[in-house]
Amino acid sequence: MRAPEIDLSKLPPILAYGRTESDLIPLLQKVQEEYGYVPPETLTPIGDQLKIPPSRVQGVINFYAMFYTEPRGRNVVTVCRGTACHVRGGKGVLRVVQKILGLKDGETSEDYQFTLETVACLGACALSPVMVVNGQVYGRMNPKRIETVLVRYMKEGDD
Ligand code: FES
């Protein structure tokens with residue numbers, strides 16, 4: 001499936017927030033809020049607005065892990081691979097999630113329903129092993145609970 005088309009008519013009101021290079025990061029955050037990532041088509045308009053070359057915009061995007069350059073799934077599943085989760089079976093959680101979603105770490109499903117990613121710690125070690133879906137923390141995961149949670153998000157996508 002192709003990447004979803006982006007609506008560039010939403011860009012000018014966002015660009016209006018920026019004047020100089022010091023506005024670049026907040027502007028990129030606003031673009032990402034709107035599109036879910038920073039589409040390559042926006043780099044030149046952003047650079048023009050801030051009077052900097054698109055390569056400078058790209059450089060900043062590459063530097064900060066918080067910016068995404070490709071569309072992500074409507075549901076972002078984050079599995080913790082930190083130490084506390086690891087000792088309580090975090091590796092198994094990742095294995096089960098990968099199997100259910102058919103994705104590896106960093107991948108997005110072809111229908112853009114799911115993105116799978118891992119992080120070093122989700123800051124909820126007391127609930128380990130932990131996974132997060134769209135910002136919602138799910139603790140003390142086991143295969144049954146993982147399936148229950150993920151199937152719920154899969155069903156929402158069918159509506
Ligand atoms: S190590 Fe997993 S939440 Fe901290």
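Colleague: Which residues of α4 are buried?

Modeller: A note first: this is a predicted model, where local features need pLDDT of at least 70 and side-chain atom pairs count only at pLDDT 80 or more, while totals for chains, interfaces and linings use all residues. Residues are numbered from 1 along each chain as its sequence is written, and side-chain values use heavy atoms, with hydrogens and water left out. Buried means under 20% relative accessible area, exposed over 50%, and partly exposed in between (1.4 Å probe, protein chains only). By that rule, the buried residues of α4 are V57, V60 and I61.

Colleague: How wide an arc do those buried residues cover around the axis of α4?

Modeller: Helices (H or I, at least four residues) and strands (E, at least two) are DSSP runs, numbered from the N terminus. An α-helix has 3.6 residues a turn, so residues three or four places apart point the same way. The arc is taken from the directions that run from the helix axis to the C-beta atoms. V57, V60 and I61 sit on the same side of α4 because their arc is only 100°.

Colleague: Which exposed residues are on the face of α4 turned away from that side?

Modeller: The buried side has α2 and α3 among its cover. The face turned away from it carries exposed residues, namely S55, N62 and F63.

Colleague: Against which helices do the buried residues of α3 pack?

Modeller: In α3 (residues 43-50), the buried residues are L43, I46, G47 and L50. They lie on the same side of the helix, since their arc is only 100°. Counting contact as heavy atoms within 4.5 Å, they pack against α1 (11-15), α2 (24-35) and α4.

Colleague: How far apart in sequence are the parts that the salt bridge of R56 and E21 ties together?

Modeller: A salt bridge here is a side-chain nitrogen of Lys or Arg within 4 Å of a carboxyl oxygen of Asp or Glu. The side chains of R56 and E21 meet that rule at 2.3 Å, N to O. R56 lies in helix α4 and E21 in the loop between α1 and α2, so the separation in sequence is 35 residues.

Colleague: Is E117, which forms a salt bridge with R72, buried or exposed?

Modeller: The N to O distance of this pair is 2.8 Å, and it links strand β2 (residues 114-119) with the loop between α4 and β1. R72 is partly exposed, because its relative accessible area is 23%. E117 has 18% relative accessibility and therefore counts as buried.

Colleague: What kind of aromatic pair do Y138 and Y153 form?

Modeller: Rings of Phe, Tyr and Trp (its six-membered ring) pair if their centres lie within 6.5 Å; planes under 30 degrees apart count as stacked, over 60 as edge-to-face and the rest as tilted. The structure holds 3 such pairs, including Y64 with F67, at 6.3 Å centre to centre and 85° between the planes. For Y138 and Y153 the centres are 6.4 Å apart and the planes at 90°, so the pair is edge-to-face.

Colleague: Which residues touch N75?

Modeller: N75 has its place in strand β1. Its relative accessible area is 5%, so N75 is buried. Leaving out residues up to four places away in sequence, the residues that touch N75 are Q113, F114, T115, N134 and Y153.
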